[in-house]
Amino acid sequence: MSTARRRRAAPPVRNSRRGRRGVVRQGPLRTHWLLLTALLLTLAATLLFQGYTQHLYDDRPDQSAAPASAATVPEAIRTGGPVIDSAGGQPRTAAPAPGTIALTFDDGPDPRWTPQVLDVLHRAGVHATFFVVGTQAAAHPELVRRIVAEGHQIGIHTFTHTDLGAAPAWRRTLELREAQLALAGTADVTSSLLRPPYSSTPEAVDDPGWSAVRQAGREGYLTVLTTRDSEDWRRPGVPEIVKAATAGPGDQGQILLMHDAGGDRSQTVAALDGVLTALKGRGLRFTTVSEAVGLPNPVHPAGAGDHWQGLALVWLLRGGDLVLAVLGWLLWAAGAVSVLRAVVVLYAARRHKRLRRRGWGPPVTEPVSVIVPAYNESAGIEAAVRSLLASDHPVEVIVVDDGSTDGTADLVESLDLPYVRVIRQENAGKPAALNTGIAAARAELLVMVDGDTVFEPDAVRMLVQPFAAPAVGAVSGNAKVVNRGGLLGRWQHIEYVVGFNLDRRLFDLAECMPTVPGAVGAFRRSALLAVGGVGEETLAEDTDLTMALCRDGWRVVYEERARAWTEAPASLSALWRQRYRWCYGTLQAMWKHRGALAQRGQAGKLGRRGLLYLLVFQVLLPLLAPVVDVFALYGLAFLDPVRIVGLWAAFLLVQVLMGAYAFRLDRERPGPLWSLPLQQFVYRQLMYLVVIQSVFTALAGSRLRWQRMQRYGSLRVPAGGQPAAMPGTPPEPVGVDGYRARVHEAARNPGQGT
């Protein structure tokens, strides 16, 4: 072949209306980001509220609070009755009338113990006062309704059983308001009776407790303390509970404290009959708190606003429980699948390494046509072309200039290099440029390479060796990141080595390779002809073409020894544009080739192995990732932070081990792996957002603009090296018309070339 044959204005194989600058989206998509933000904020709010109600619940025994100073507590309160009205300037107290017993139960309702308590009271014909915890009421609304329906009085015991004396003013208000809404939402009533958790008798009121009582009074509540404690919270035994509940003067009015929740209340239930019998035997009358102190009924029907807000609160708590349950199952499933993937990928990589030691068969020495589609690649095209000519395998290089405006074609022509041809065409897109190069190629074996990629001297030779196996239709090479400086470069380097190359080993072993990267891939001309050339329907033409070859029965393999160096994006915005196009194009290709799921043979392997793998690990798990991150923050705030950090450390350890093994397989120095923990906080989230953006774009049916990456000229021209001679007289190119004719013939006979 003579030096530098050049052709100008070769038309593309297909008429394309979507060049690199021509795929236009009909307006920006912003609604999905608003929706995603709203969903994440809603999830965060739900988890925050759930964490507040479930994990800030104070479950200490009522009498466990340590007393403080009582210097500010009025003497009238300390020596007065157990019912306190502190709304006015002068606090007032009230005591039960002689001969009356106001039986009270705290901490409920509980689905096990409250019904048993109610049954005992019903048989005895006694009405009591139940001070319910808001979260418990919301969780068991049927019990709140039963309490009210059976004539018992109801009051609140805060929303999360918090110590009001130790809480700030805003939380006191929140606790009382939410507890009140829980009553309104479950039983359609409100109550002005409050029993503060950890309170006891009036003489035990201390300064923090008095502050809480005064605030509750200003907000319209009567504080109900006790005069007698059954001490059932200590679970001392049934006789001791009966003794404590019935001690004291026989005719003095009492407010008796018992519990229907907060732990095992079997002793309380067993002792209740004895308490009622003993006190009735003394002639005492059981009544509610308001009747005992001569007050009007403090329980009133809830207003419409409170009722609907209460219902919303109840459903929010139930929804939070459901969300946590679903998240728990999803996280366990995601964790199990991720660990399983790590094990399978590492096993496949090790087996693949052993398998490749056997070789492919007789050496492949026939010449190769290398096609370089180029659009504004002047920054790196010289390095790319010279590296190809430095190959130790006979090649011809065809640079297809796709309407560049930066002098790419002129630059290549000015080099006047042997075995290099330049074909110019109007901008029609990368698929059209590749098809133009295929039509002009002379060899049966083709290598396709991006204009920003530099090949190692043995890369072409290594890349074509798998064609010794007749079933192989395409080969994926090993793309390496050349610009590894800075965190972003290191992170992409890690992703290429750990993510892409480990997965390719697995895909090769499973015979379901979904992508031969545009940076370094080889193909049989007959295989390309059989599938109609490079398709233009997607933005991931390399993935689309690879899947088409698999569906046509060809084997696609991975040759890790064929190394090429490519320039990665150097900014987050450039990385976003590149990965957005990749991901969106992959979704297009997956949808286009979804029929492989139902096919047999090589196509079925792609469908049931490759496509499902992509769906799970490159679509579904990334969509779940923001939820995982929100849940991790939830765990740090409300669960055991040591356990959460431990789980994250275990996950990171798995990533590090995978990274170390992948770097060893690729003979890379492990130094960049120090940045892996940082990658989990920035890069990982960016990649997940790319998937989310792509999925929403696909669901919205929008057309994505071709996102071209800016070149920075970080590729280096290889020193020295002479091109290997093309042996003999190579076959003439089929030409555009001949190539188009073969494509049409292949469409009529789909099995040809397999």
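## Cavity lining, helix α21 and backbone outliers

Reader: By class, what lines the largest cavity of this predicted model?
Author: The model is predicted. Charged residues are present in the lining, 4 of them. Polar residues number 2. The nonpolar class has 10 residues.

Reader: How many cavities of 30 Å³ or more are there, and what is the volume of the largest?
Author: Rolling a probe the size of a water molecule over the atoms shows where empty space is left. With the 30 Å³ cut-off, the count is 3 cavities. The largest has a volume of about 100 Å³.

Reader: Which residues are closest to the centre of the largest cavity?
Author: The lining of the largest cavity holds 16 residues. Those closest to its centre are L434, M448, G518, E541 and D542.

Reader: Which element gives the largest share of that lining?
Author: Four elements, β14 (368-374), α14 (430-440), β20 (521-524) and α18 (541-551), each give two or more residues to the lining of the largest cavity. The largest share is 3 residues, and it comes from α18.

Reader: What distance separates the end C-alpha atoms of α21?
Author: Helix α21 covers residues 641-665, which is 25 residues. At 1.5 Å a residue, the expected span is 36 Å. The model agrees, because the end C-alpha atoms are 36 Å apart.

Reader: What covers the buried residues of α21?
Author: The buried residues of α21 are I644, L652, M658, G659, Y661, A662, F663 and L665. Their cover includes α11 (304-356), α16 (486-510), α20 (601-638) and α22 (676-679).

Reader: Which backbone nitrogen does the D640 side chain reach at the start of α21?
Author: A side-chain oxygen of D640 makes the approach. The distance is within 3.1 Å. The nitrogen belongs to V642.

Reader: What is the phi of R667?
Author: R667 sits just after α21. Its phi is positive, at about 55 degrees.

Reader: Is D107 buried or exposed?
Author: D107 lies in the loop between β4 and α3. Its phi is positive, about 80 degrees, although D107 is not a glycine. Buried means under 20% relative accessible area. D107 has 7% relative accessibility, so it counts as buried.

Reader: Which peptide bond is cis?
Author: P109 is in the loop between β4 (100-106) and α3 (113-124). Omega is near 0 degrees for the cis bond from G108 to P109.

Reader: How does D416 count by relative accessibility?
Author: D416 lies between α13 (408-415) and β16 (420-425), in a loop. Its phi is positive, near 50 degrees. Relative accessibility is 48%, so D416 counts as partly exposed.

Key
Residues are numbered from 1 along each chain as its sequence is written. This is a predicted model: local features need pLDDT of at least 70, side-chain atom pairs count only at pLDDT 80 or more; totals for chains, interfaces and linings use all residues. Side-chain values use heavy atoms; hydrogens and water are left out. On a 1 Å grid over the protein atoms alone, a cavity is a set of points where a 1.4 Å probe fits but cannot get out, and a pocket is an open set with protein on both sides within 12 Å along at least five of seven lines; lining residues have an atom within 4 Å of a point. Grid points are joined across faces, edges and corners, and a volume is the space filled by probe spheres set on the points. Ala, Val, Leu, Ile, Met, Phe, Trp, Tyr, Cys and Pro count as nonpolar, Asp, Glu, Lys and Arg as charged, and the others, Gly among them, as polar. The expected span of a helix is 1.5 Å times one less than its number of residues. Buried means under 20% relative accessible area, exposed over 50%, partly exposed in between (1.4 Å probe, protein chains only). Contact means heavy atoms within 4.5 Å. A polar contact is a pair of N or O atoms within 3.5 Å; within protein, one must be able to donate a hydrogen and the other to accept it, and residues adjacent in sequence count only if both atoms are side-chain atoms.
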